[in-house]
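I opened my notebook to look for empty space inside this complex, and then to see how its chains are built. Here is what I looked up, entry by entry.

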Amino acid sequence: MASSNSLMDSLFQRSLEDLIKGLRLGESTFISRSLEEIRREIKLTDLSTKSVALQKLSYLAALHGVDMAWAAFHAVEVVSSSRFAHKRIGYHAIAQSFSDQTPVMLLITNQLRKDLNSSNEHEVSLALECLARIGTDDLARDLTSEVFTLLGSSKALVRKKAIGVVLRVFDKYPDAVKVCFKRLVENLESSDPQLLSAVVGVFCELTAKDPRSYLPLAPEFYKILVDSRNNWVLIKVLKIFAKLASIEPRLAKKVADPVCEHMRKQNVGKSLLFECIRTVFSSLSDQETALKLAVAKIREFLVDDDPNLKYLGLHALSIVAGKHLWAVLENKEAVVKAMSDEDPNVKLEALHLLMAMVNEDNVTEISRILMNYALKSDPLFCNEIIGSILVACSRDSYEIIVDFDWYVSLLGEMARVPHCQRGKEIEHQLIDIGTRVKDARLELVRVSRALLIDPALLGNQFLHPILSAAAWASGEYVEFSKSPYEIAEALLQPRTCLLPDSIRAIYIHSAFKVLVFSLGAYFSAQEPTSPPLAQESTSSGHSVVNGFTYNSISSLVNMIELGLCSLSGTIDVEVQERAKNVLGFIGMIKHEIAEKATSQNSETEAHRAIAFMEDVFSEELGPVSSTAQEKVPLPEGLELNENLEGLQEICREVLEPMAESDYSSDKVSFSVAKLRIRDQEEASSSLPPPLESSSLLAEHRKRHGLYYLSSQKSEDHNDREGNDNNTSNEYPPANEISVDSFKPKKKISKPRPVVVKLDEGDEPKRKPDASSSNDESLSRAIQTALMGKGKGKEKEKERVKENHEMNVDTENIEQSSRREKKNKKNGERSSKRSSRRQRGKEASVTKPVEVPDLLL
Amino acid sequence: MGIRFILMVNKQGQTRLAQYYEWLTLEERRALEGEIVRKCLARNDQQIRFELMFEFLCSYAGVLAGWLALNEQCSFVEHRNYKIVYRRYASLFFMVGVDDDENELAILEFIHLLVETMDKHFGNVCELDIMFHLEKAHFMLEEMVMNGCIVETSKANILSPIQLMDKAH
């Protein structure tokens, strides 16, 4: 019964073609139905049925995301068939679905070995392809000898694939180098272009991982660079030299000539030309003639109509921008023109290039150009522009910014770009500059005011973070404000209801700071100068005390009270609490404002309260290092790693009331978080806080003074009053950018203000370079192999030498005389080399590499 | 590694061929393909629309020739840590994911070589040829690329094993 069933299955099995036709009809259940069939068919003993089932499964897996890991064993079965057609299907399935974790991997070692030794070259090539795709450590180890044999095969097809597989074998089993490396190197001198292109490709990959080990092969590569006519091969060799020349500068000089020759050729392929240019830019940029030629060639790319060439031209320029900015400057028209290209990728490349040009002399000009583009661009690119300005300007604690007034107003302008969505970054930078750069605070307050009083900005949710920063700055640095009343009014305008609650709380808190500042100014200034004459006029409300009259101060208080009244019923607790705190404070001092104006008693309760609040706010906030927490020494006896889960059980009753208890009674806790909370509470509490709490705070600050930055009073800002408004909003039209904008301008007479920097923590920590041990052992093995070639196998070396002698003889005599001169300098050079060896970072891994002198 | 993967995708975004040279799980492959196809097709969407508009304009004034070339987009897209080099041939997109330092123009030439090779074998290759002869397309790729390295660039050499196989059948 079963056998007749299987016969039916075999006879009426759907072929792959049937499956594809079925799939094209687009039936939703078709795949699952076919899968059922496949599961049944693949278990049959008949290999043709099995292989067709496997073929269908591979198809579904490749194009329809069906899992085929379950069929791994069946794939091994199909591979063992003696028919080539079955083998092919099996190997294809294995290459597609096997990973290192596949359990039946062990079962194919013998099959692979058998096929590698087959007399049918196509079977051998199937096995090699499979090994190249799935080779594990074990497979590579077990099959190394087979690969070695095949590397010497007389059949080009097999030998080519054996070369291709070497990369995987070396990667998985570095000891294979000892066996196979010599044969691999021999192929570098092969006259068969097929083999040459394969072996150069392999060396290109190997060199990319560990250039130093392959320096001794430089003569072989050089010969290929000069002799080969195949673009593919030349591109790969150029890539090899790009890596080698960057660690061996003497090579750069030697290679520059043939590279230039390739570039000068009339009908050189664009891909080869581009590779030459890129090689020159990345590794040969110290060779003047080569660099000049490459810059000239790259211009052709930049002005070409083909967007691919334009893109690559810009890309290549960005490689050289760091070292030779002049190359970019020479092509600046093309770069600026590319900013208005159709293609977003080209625009982006141009943007990166422009940002690479930024330095402290031209940052103003370039930012102005870019802001002009930002205004006209689509939202995506607009934000790319704004983002890259922000990144470039804030790099290394605003290293390139000299004029912070300009930069702060630029940040303000960014907020007004219609598509701006970089609120978070701008917020961060506004606050950061406020805390770091004292001299910029006046401008910061001016910019913040402009942002706050514009009711239109409140409707854009992307700007909310910026507004939050503006609100904080105008509260924190209210002493720079020309009209505190105006700020308070802006902070409490009705449209602030559009803000999220967390930001609204900041608004209220800032309004509180403004209020305290105004009251402080009003009260303190009145005391010393209180002649009876003034007293009279005060009562009538006309005397001006430090900008605050009795009328203005009481209208300020009334305005804040009115604005906050409606908020005391908000659902959000943060907003509600802050509003109530301020209202409580106002309630306490309000009746004394009028009294204060008439009586001279300076020791009232309100006076003390205001003085205290001023104290609280006067502590200057500084930037905090991201590593500050680590600097706090661990107090003795404090166990941090202990598991505290049990604690909750025991102290449940104790903890709960504590959380609600008044902070002043809670003196037991020393946690930093609590202190911070208390800090805020103090700041916003309506009652004059008890003395011990403020003394606790002072003590805390004294103890950890190290982590607060010193708060000196800012120096006078009078000298900057003059150029308050020197930043105009007029952008030059993009296409009329003058050459001057890229030339260094005269130094601005104004000195750069002090920027507070932290020693550490300003930069994100870099991850340690994790080079895999596998790579290391591979490079060690290769170096040993090449050393052996140098020492042990004299013949080999002699042969190579002869080869080069011949090669060199054909060159002109001048070169050989140069070589002699160089040989004289040999002693000098070897001392240089030994010093380099000492410097070498991989001293443990890298043995001194012999570079044949002939080449250098 | 050079080449990381090769994809052929039609205008509707359906994958017609996928060859990976590094191990990715099914989920990773599906996610990667989705992202790349979306990215590249979106870029070309504008282009296709533009082509239609251009044809429309040309029917009225046939003087705009050459303009089209000016407004094309480049064939390179950066995605994750790959660079995607892609090119459209009729209804099929050929996308090749390469390492950052790979030569983009050479990869474009490689794509062209692949198409020419398939053309030579199938005779004016189309999407259906690849659908129904997927294994042959894979076979050609295997001859051309090993371990992500391009090892063979001669059309005759690439096709000779396939022709042998066809004869055997």
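**Entry 1: counting cavities.** I began with the holes and found 9 cavities of 30 Å³ or more in the structure. I am keeping in mind that this is a predicted model. The idea behind the search is simple: rolling a probe the size of a water molecule over the atoms shows where empty space is left.

**Entry 2: the largest cavity.** I looked up its volume, and about 250 Å³ of space lies in the largest cavity. Which residues come closest to its centre? Out of 20 lining residues, I noted A:R88, A:I89, A:H92, B:E135 and B:H138 as the closest, so both chains are named in that short list.

Next I asked which elements give two or more residues to this lining. From chain A, I wrote down helix 4 (47-64), helix 6 (84-97) and helix 8 (121-134). From chain B, I wrote down helix 5 (134-144). Helix 6 of chain A supplies the largest share, with 6 residues.

I also sorted the lining by class: it has 10 nonpolar, 5 polar and 5 charged residues.

**Entry 3: the second largest cavity.** This one holds about 100 Å³ of space. On the chain A side, I listed A:S197, A:G201, A:W232, A:I235 and A:K236 in the lining. On the chain B side, I listed B:E102, B:A106, B:I107, B:I150, B:V151, B:E152 and B:T153.

The elements giving two or more residues here are helix 12 (193-209) and helix 14 (231-247) of chain A, plus helix 3 (104-122) of chain B. Helix 14 of chain A gives the most, with 3 residues. By class, I got 6 nonpolar, 3 polar and 3 charged residues for this lining.

**Entry 4: helix 10 of chain A.** I wanted to check the length of this helix, which covers residues 156-172. Its 17 residues, at 1.5 Å a residue, should span 24 Å, and I found its end C-alpha atoms 25 Å apart, which agrees. Where does helix 10 of chain A bend? I located the bend at A:V165, and it comes to about 30°. I then looked at cover: 14 of the 17 residues in helix 10 are buried, so this helix counts as mostly covered.

**Entry 5: A:F585.** I found A:F585 in helix 32 of chain A, which runs over residues 573-598. Is A:F585 buried or exposed? Its relative accessible area is 1%, so A:F585 is buried, given that the cut-off for buried is under 20%. I also looked up its distance to A:A606, which sits 21 residues away along the chain. Their C-alpha atoms are separated by 9.1 Å.

**Entry 6: chain A overall.** I counted 41 helices and 0 strands in chain A. Of its 856 residues, 51% are buried. I then took the contacts between residues at least 6 apart in sequence, and 72% of them join residues at least 24 apart.

**Entry 7: chain B overall.** Chain B has 6 helices and 7 strands. Reading along its sequence, I wrote the pattern as β-β-α-α-β-β-β-α-α-α-β-β-α. How much of chain B counts as buried? I got 56% of its 169 residues. For contacts in chain B with a separation of 6 or more, residues 24 or more positions apart account for 56%.

Key. Residues numbered from 1 in each chain as written. Chains lettered and ligands numbered in written order. Predicted model: local features only at pLDDT ≥ 70, side-chain atom pairs only at ≥ 80, totals over all residues. Heavy atoms only, no water. 1 Å grid on protein atoms, 1.4 Å probe; cavity = no way out; pocket = protein on both sides within 12 Å on 5 of 7 lines; lining within 4 Å. Points joined across faces, edges and corners; volume = space filled by probe spheres on them. Helix = DSSP H or I, 4+ residues; strand = E, 2+ residues; numbered from the N terminus. Nonpolar A, V, L, I, M, F, W, Y, C, P; charged D, E, K, R; others polar. Expected span 1.5 Å × (residues − 1). Bend = angle between axes of the 7 residues up to and from the residue. Buried < 20%, exposed > 50% of the residue type's maximum accessible area, 1.4 Å probe, protein only. Contact = heavy atoms within 4.5 Å.
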